Amino acid sequence: MMKRREFLKHAITVVAGLSLPLAAFRIVNPERLFAGQEDLRWIFLVDTHKCVGCGFCVSACKIENEIPYDANVTRTWVERYLVTRDGRTFADTPKGARDGFTDRRIDLGEGQFKEIKDEEIEKAFFVPKLCNQCENPPCVQVCPVGATYRVPDGVVLVDRKWCIGCGYCIMGCPYGVRFFHPVHRVAEKCNFCYHRITKGMKAACVDACPFGARQIGNARDPNDPVTKTVLTGRVGVLKDEYGTKPQVYYLGLSKEVR
Amino acid sequence: MRNHVWRPLYLVIGVIALLLLVRTLVVPEDFGSHESGYMYGWHRKGNEAEWRQVAVKYRTTAYCKDCHSEKYDSIRNSPHGIIPCEDCHGPGMAHPDDPAKLPIDRSRQLCLRCHAQLPSPSSGRDAIRGIDPTGHNPGTECSLCPPPHHPSVSEMQ
């Protein structure tokens with residue numbers, strides 16, 4: 001006969017053992033806790049002082065990544081900001097600046113334009129946008145099927161075969177960089193031209209920019225010029241308060257930029 | 001053992017077994033949490049290779065230089081020397097095999113990307129010579145006046 005005390009002891013051990021899923025033993029593995037590649041972490045640097053709004057980056061991106069050219073979706077785009085002397089801020093990005101900025105009027109959408117006189121303008125500048133390849137990507141967290149994920153080198157990818165097109169990630173991205181691919185009918189986003197950077201090339205937008213406003217680099221290489229600028233220069237990131245730890249750094253960011 | 005307590009239990013066990021069976025059939029073997037851990041790492045490992053296989057279309061100026069070194073050398077010192085070849089000539093793809101000839105974009109729209117005058121203080125755009133697209137020889141191809149590889153305003157005047 002088993003004693004009551006012993007029986008209870010054994011029962012607790014068995015229940016505790018059963019309630020631990022096998023997965024729990026793997027989560028304490030430090031390698032997985034500090035996930036990431038030791039020698040490679042892709043980062044991006046945008047110098048807004050250099051950007052002139054030509055939009056060559058956008059057209060190159062659309063062709064390189066086979067995004068339908070005339071569909072109003074794009075992986076990267078350029079925004080024009082215009083601040084007037086009386087403190088009003090205007091921003092536009094006609095067709096994502098695929099054809100650059102050729103009209104001095106602000107495109108308000110739906111065929112409406114706003115003319116602003118030269119003498120009213122306090123400042124006007126261009127800001128290229130793309131996926132921030134966040135260290136804490138909210139888009140990945142909300143995916144219910146594991147179709148989007150962060151590669152150890154930092155890039156966030158979408159598995160086109162696995163995506164069910166629910167659109168949670170599109171809503172989850174605070175930067176609005178995700179969209180629905182009109183042909184593949186899955187979530188789509190910038191991936192720093194993963195097929196190029198893994199071949200030792202640069203992203204198509206970086207190669208297309210005549211002014212050097214876009215640069216890509218490796219944060220784990222202290223001698224990388226981009227990393228040097230990010231570490232020592234006065235850089236900013238977009239929506240820092242969201243805690244996403246975005247990895248696209250901006251030189252010359254202004255408070256009007258969202 | 002054939003009583004009202006055990007029968008539903010068998011049913012539940014059966015359903016669980018069926019779900020596990022379906023899961024092993026549907027979920028690919030390389031699906032898992034992999035290196036990025038549980039929070040951000042769930043994916044099909046094979047997809048990384050799929051993304052790497054996307055064809056490169058823009059081959060960069062370095063690729064053009066191999067054959068067109070003369071053109072390359074001559075444009076380098078002109079104000080347009082900073083513009084990558086493929087911005088105007090289109091993506092190199094597998095040229096010269098496919099396509100044999102690259103279509104050059106000579107449209108006014110292309111030049112206007114930089115040379116439409118916009119009031120943009122606090123941006124590099126102001127340093128570029130600009131024209132008013134509606135007033136400056138409307139409808140004419142820009143390259144009729146300044147040669148795109150060697151634009152020089154003083155020579156035109």
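In this predicted model, strand β2 (residues 77-84) of chain A pairs with β3(A) in the antiparallel sense, and four bridges link the two. One register point is handy for orientation: A:L82 has A:F90, in β3(A), as its bridge partner. The pair belongs to an open sheet of three strands in chain A, ordered β3-β2-β6, with antiparallel pairing. Because β3 (89-92) and β6 of chain A each have a single partner strand, they stand at the edges, and one side of each is left without a neighbour in the sheet. Averaged over neighbouring strands and ignoring direction, the turn of one strand against the next is 15°.

Chain A also holds an open sheet of four strands, in the order β11-β1-β13-β12, and here the pairing is mixed. The edge positions fall to β11 (214-218) and β12 (235-236) of chain A; each has a single partner strand, so one side of each lacks a neighbour in the sheet. Strand β12(A) runs antiparallel to strand β13 (residues 248-251) of chain A, to which two bridges join it. Within this pairing, A:V235 finds its bridge partner in A:L251 of β13(A). Helix α9 (residues 225-232) of chain A packs on the sheet and touches β1 (42-47), β11, β12 and β13 of chain A. The direction of α9 makes about 95° with that of β11(A).

Turning to the interior, the largest nonpolar core comprises 69 residues, and A:F44, A:F192 and A:C205 have the most contacts inside it. In soluble globular proteins, nonpolar side chains tend to be buried together. Setting aside neighbours within four places in sequence, the contacts of A:C205 are A:C57, A:A60, A:C61, A:T76 and A:R214.

Between the chains, the contact draws 49 residues from chain A and 41 residues from chain B. Several elements of chain A each supply at least two residues to the side that touches chain B, among them α3 (30-33), α4 (56-64) and β7 (148-150). The most comes from β6(A), which gives five residues to this side of chain A. By class, the side of chain A that touches chain B has 27 nonpolar, 10 polar and 12 charged residues.

For chain B, the domain assignment gives domain 1 (6-52), domain 2 (56-104) and domain 3 (106-151). The C-alpha centres of domain 2 of chain B and domain 3 of chain B are 21 Å apart. Their contact takes seven residues from domain 2 of chain B and six residues from domain 3 of chain B. On the domain 2 side of chain B, the residues touching domain 3 of chain B are four nonpolar and three polar, with no charged residues.

Conventions:
Residues numbered from 1 in each chain as written. Chains lettered and ligands numbered in written order. Predicted model: local features only at pLDDT ≥ 70, side-chain atom pairs only at ≥ 80, totals over all residues. Domains from an automatic or database assignment. Contact = placed C-beta atoms within 7 Å. Nonpolar A, V, L, I, M, F, W, Y, C, P; charged D, E, K, R; others polar. Core = buried A, V, L, I, M, F, W, Y, C linked by C-beta atoms within 7 Å. Buried ≥ 20, exposed ≤ 12 C-beta atoms within 10 Å, placed from the backbone. Pairing = 2+ DSSP bridges. Axes fitted to C-alpha atoms, helices over the stretch in contact; angles between N-to-C directions.
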